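Got your viewer open? Take a seat and get ready to click through a few selections with me.

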Amino acid sequence: MYDYIIVGAGSAGCVLADRLSEDPAVRVLLLEAGGKDTNPFIHIPAGFGRLQKPSVNWCFHLKPQKHLNDREIWYPQGKTLGGSSSINAMIYIRGQRADYDGWAEAGNDGWSYREVLPYFMRSEHNERLADEYHGTGGRLGVSDQISQNILSKAFVRAAQQAGHKYNPDFNGAFQAGTGPYQVTCRDARRASTAREFLRPALSRKNLTVEIKSFAQKILVEKSRAVGLTYRVGGGSKTARCDQEIIVSSGAVGSPRLLLLSGIGPAGELAKLDIETVHDLPGVGGNMQDHLDSYVVSDLKQPLSYDGADRFPKSFKNGLEYLFFKSGPATSVVAESGCFAATTESGRPDIQLHILPAYVVNSGRTAIKGHGITINTCVLRPESRGSITLASNDAAAMPIIDPNFHAVETDREMSIKGVRLAREILAQSELSRHIEREFLPGAEANTDAEILDYIKQYASVDYHPVGTCKMGRDAMAVVDAELRVHGLEGIRIVDSSIMPNLISGNTNAPSIMIGEKGAAMIRGESALIADLDDGGERAF
C-alpha cells in the first residue's frame, strides 16, 4: 500500500516523485511505461536525432490532418525515464507573463505569472543569471550553449537588421526579440528530469520506481480513486494507495488513461464498450500544439551541421565531445531564436528557430549538401483538437488529432511566419551565405501559393497541451488545485492541464507544473513573486 501513486516519469512526474518522497513518512510509487534512460544518445545534446525509436519513444502518428493534405504526421513523445525531457531539443522557454495571467483571469486562482514564477525559480540552477526572474541552486541545470554554429550567430544579427531587438534573456522581464536560447544542460550533458530530479531520489527507501509498467485502468470506489492496474512483463499487477493517484502521463497519455478507466464523455465511452465510471465531457478535448512552417535555403559553403552525424565527421565530433566537451555534439541544433510580434500590441505571436542544417519532414528526409532552415510557429493557435481512443484495448494507439489550421486565423498567421523568415534570410548577415531558397522556392509568392506549400510540408513542434484542462467551465477536467472534478483521490499534474497553450516550448512549464502540483499536494503555502517592475509588462 502506498500513499501516492504517480503515473508517468516524465517532465512533471520525476519532479513529483522527488518532491513528495522528500518526506520519509510518505510512501511513493512511480510507474513508467518506458525503460531506463541508459541510451547514451539521451545524454549527448546533439544525440536527440538518434532517439526516434520505440525503445525510448512512443512513435505516434497524427490522425490524417484534413487541413494539411490529409497527412499522417510523425509525432514523437518520450517513453523512458524523463519522458520527453529525455528526447527533446532542450530549449528552456517559460512563455509570456500574459499566458499565465490569462489562466488566472479565466478563474484558475493561483496560476498568475507572479504565482507560478517562484516554482520556475525553485527548480532552476541557472549558470549565468541570478535575479528576480532566475534561481540558482535548484535541481534543473539551465545554461548557455557551449558551441554555436556561425549561422546561428548570423541569424541573430540578421534578425536585428530586420528590426527585432536583441534579447539576452527570453525568460526575463520580456520575451520579444532575438538571441541565443538557454538550454536544459549541465556539464555538457542533457539535464532531463530523470537525471536532475529522479536520480538523486532513487536512494530513498520510501520511493519505489517500476519501469516498463504500463498503467491500464484507474480503480474507482464510491467516487474515489483507490488504486490502479498496470501491465508489467507478461502479466498484470494492482497497486493501491491511501492518499492520491497522480496522473502525469502528458497531454496524450493522461486522457488516454482516464478514458480507458471509464472517466470521460459517457457517449464516447459507450461506443467503445467502456463502462462509464464518471461522466466528464472534457477529457481528451481542447488539444493544442504548435505547427511549424519553415523556409529552407541552400548554402554557398559547407557551414551547416549537415553530415556531422555521419562518418568520418561523427568520429571527430565524438572525440571532441569526449575529451573537451565541445563541438557539434554539444549543439541542440535550434541554437537561436526570435519572438516576433505581428500586431501593434507588441505581444509576440510567432516564434522562429534557426536550424543550421536541412530540416525537412522533422529531419526524416535526407537532403545532400548544406542548408539552413528557419522554423516558424504560431504561438497561440486558435484551432482545437482531441485525444480519443481507437478501441477499448489499452495496447491500441490513441487517435491524436490537433486539428491544425481548422481556424482561418491560424492559416493567416502561418503565412506571416513564412514571410517573417524570408525577411530575416534576406538580410545581409545571412543572405551572403545563401545560394537560393530551396523550400518553398522563389515561385511561391502569393498567400495561396505559400499556404499550398504549408499544407504539404508543415511539421509539428511536439508541444501537446490542454487535453485535461484546468478550469471551472463544463469542459474543464481539473480545478485550480489540479483535482479531477467530481472525484476524490486523483489529480492530474502535467501539460494536459494547461487551459491554453503557452507562448513557447512546453518542457519548462511542465516542470513548473510538477513543482507547483507537488507543493499543493504537500499543503505548502502558495508563493508569490515580488517583482520590481510592478507587473506592468505583460509579455
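This is a tour of one helix and its neighbours, then of some salt bridges and aromatic pairs. Keep in mind that the model is predicted.

**Stop 1: helix H3**

Select residues 97-105, which make up helix H3. Which residues of H3 are buried? They are Arg-97, Ala-98, Asp-99, Tyr-100 and Trp-103. Now show helix H4 (113-123) and helix H13 (507-521) as well, since the buried residues of H3 pack against both. Just past the end of H3, click on Gly-107: its phi is positive, at about 110 degrees.

**Stop 2: where H3 meets H4**

Keep H3 and H4 on screen and hide the rest. Their axes are 8 Å apart, and the two helices pack at an angle of about 120 degrees. That makes H3 and H4 oblique to each other. For the contact itself, show side chains: Arg-97, Tyr-100 and Asp-101 from H3 meet Tyr-113, Val-116 and Phe-120 from H4. Sort these contact residues by type and you get four nonpolar, no polar and two charged.

While you're here, add Trp-103 and Trp-111 to Tyr-100 and Phe-120, because you'll want to see that these four form one aromatic cluster.

**Stop 3: salt bridges**

The whole structure has 32 salt bridges, and we'll visit a few. Go back to H3 and pick Asp-99, whose side chain forms a salt bridge with Arg-347 at 2.8 Å, N to O. This pair links distant parts of the chain: Asp-99 belongs to H3, while Arg-347 sits in the loop between strand E17 (336-340) and strand E18 (350-355), 248 residues apart. Is Asp-99 buried or exposed? With a relative accessible area of 6%, Asp-99 is buried.

Next, select Glu-244 and Arg-491. Their closest N and O atoms are 2.8 Å apart, in another salt bridge. Glu-244 is in strand E13 (residues 235-247) and Arg-491 in strand E24 (residues 490-492), so this pair ties together parts 247 residues apart in sequence. Glu-244 is buried at 13% relative accessible area, and Arg-491 counts as buried too, at 8%.

Now jump to helix H9 (residues 313-324) and find Lys-316 and Glu-320, which are four residues apart and so separated by about one helical turn. Their side chains meet in a salt bridge of 4.0 Å, N to O. Lys-316 is exposed, with a relative accessible area of 53%, whereas Glu-320 is partly exposed, at 23%.

For a bigger selection, try Asp-18, Arg-19, Glu-22, Arg-122, Arg-139, Arg-204, Glu-515, Arg-522 and Glu-524: salt bridges that share partners join them into one network.

**Stop 4: aromatic pairs**

The structure holds twelve aromatic pairs. Start with Phe-170 and Tyr-181, a tilted pair whose centres are 5.7 Å apart and whose planes differ by 55 degrees. Both Phe-170 and Tyr-181 are buried. Then swap Tyr-181 for Phe-339: with Phe-170, Phe-339 makes an edge-to-face pair, 5.0 Å centre to centre and 70 degrees between the planes. Phe-170 lies in the loop between H5 and E7 and Phe-339 in strand E17, so this pair ties together parts 169 residues apart in sequence.

**Last stop: Ser-152**

Finish in helix H5 (residues 150-161), where you'll find Ser-152. Ser-152 is buried, with a relative accessible area of 0%. What does Ser-152 touch, not counting residues up to four places away in sequence? Select Glu-335, Ser-336, Ile-354 and Pro-356 to see its contacts.

Key:
Residues are numbered from 1 along each chain as its sequence is written. This is a predicted model: local features need pLDDT of at least 70, side-chain atom pairs count only at pLDDT 80 or more; totals for chains, interfaces and linings use all residues. Side-chain values use heavy atoms; hydrogens and water are left out. Buried means under 20% relative accessible area, exposed over 50%, partly exposed in between (1.4 Å probe, protein chains only). Contact means heavy atoms within 4.5 Å. Axes are lines fitted to C-alpha atoms, for helices over the stretch in contact, and angles run from 0 to 180 degrees between N-to-C directions. Angles under 35 degrees count as roughly parallel, over 145 as roughly antiparallel, 65 to 115 as roughly perpendicular and the rest as oblique. Ala, Val, Leu, Ile, Met, Phe, Trp, Tyr, Cys and Pro count as nonpolar, Asp, Glu, Lys and Arg as charged, and the others, Gly among them, as polar. Rings of Phe, Tyr and Trp (its six-membered ring) pair if their centres lie within 6.5 Å; planes under 30 degrees apart count as stacked, over 60 as edge-to-face and the rest as tilted.
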